[in-house]
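Trainee: Could you take me through one part of this model in detail, going strand by strand and then residue by residue? I would like a connected account rather than a list.

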Amino acid sequence: MSAFLTRGGRDWKPDYLVSIDPETCIGCGRCFKVCGRDVMTLKGLNEDGDIVDLDDDDDDEDIEKRVMAMNDADACIGCGACARVCPTNCQTHALAA
């Protein structure tokens, strides 16, 4: 039995975004574009493998590549739109606990 229902009364199980693999992500932004809840944001991956903020003023010399990263995980409603548009399957989703 589901604790969640669609407007029409059908069972619905949200599949929440819990992480994004920076090694697999290509930073295309497709997930960001379909999510209206600011769950993720564009960041940089530096040469040490750390996720860092992008600075508009710098030319990002220390950035190896741009990747999507979690911004506000608590805002995710589990719709799965981001997973459907991701070309690299870099996201991990989980059902509600």
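Mentor: Let us begin with Asn-46, which at 14% relative accessibility counts as buried, because the cut-off for that class is under 20% relative accessible area. Bear in mind throughout that this is a predicted model, and that what follows is computed from its atoms. Asn-46 belongs to strand S2, which covers residues 40–46. A polar atom of the Asn-46 side chain lies 2.9 Å from the backbone nitrogen of Asp-48. Once its neighbours within four places in sequence are left aside, Asn-46 is in contact with Val-52, Asp-62, Ile-63 and Glu-64.

Those contacts lead on to the strands that pair with S2. Strand S3, residues 51–52, is joined to S2 by two bridges, and the two run antiparallel; within this pairing, Gly-44 has Val-52 in S3 as its bridge partner. Val-52 is also among the residues that Asn-46 contacts. The hairpin of S2 and S3 has four residues between the strands, and in this hairpin Gly-49 takes a positive phi near 85 degrees. With S4, strand S2 shares seven bridges, again in an antiparallel arrangement, and one of the facing pairs there sets Thr-41 opposite Ala-69 of S4.

As for its surroundings, S2 is mostly covered, with five of its seven residues buried. The largest nonpolar core has 14 residues, and those that touch the most other members are Leu-17, Ile-20, Cys-25, Val-39, Met-40 and Met-68. To this core, strand S1 (15–20), S2 and strand S4 (63–70) each supply at least two residues. Leu-17 shows how far such contacts reach along the sequence: apart from neighbours within four places, Leu-17 is in contact with Val-39, Met-40, Met-70, Cys-76, Cys-82, Gln-91, Thr-92 and His-93. Val-39 and Met-40, which appear among these contacts of Leu-17, are also named among the core residues that touch the most other members.

For contrast with the buried Asn-46, consider the aromatic rings, where the count comes to one aromatic pair. This pair is formed by Phe-4 and Trp-12, edge-to-face, at 6.2 Å centre to centre and with 80 degrees between the planes; the edge-to-face label applies because planes over 60 degrees apart are classed that way. Phe-4 is partly exposed, with a relative accessible area of 34%, and Trp-12 is likewise partly exposed, at 32%.

How values were computed: Residues are numbered from 1 along each chain as its sequence is written. This is a predicted model: local features need pLDDT of at least 70, side-chain atom pairs count only at pLDDT 80 or more; totals for chains, interfaces and linings use all residues. Side-chain values use heavy atoms; hydrogens and water are left out. Rings of Phe, Tyr and Trp (its six-membered ring) pair if their centres lie within 6.5 Å; planes under 30 degrees apart count as stacked, over 60 as edge-to-face and the rest as tilted. Buried means under 20% relative accessible area, exposed over 50%, partly exposed in between (1.4 Å probe, protein chains only). A polar contact is a pair of N or O atoms within 3.5 Å; within protein, one must be able to donate a hydrogen and the other to accept it, and residues adjacent in sequence count only if both atoms are side-chain atoms. Contact means heavy atoms within 4.5 Å. A nonpolar core is a set of buried Ala, Val, Leu, Ile, Met, Phe, Trp, Tyr and Cys residues joined through side-chain atoms within 4.5 Å. Two strands pair if DSSP finds at least two bridges between them.
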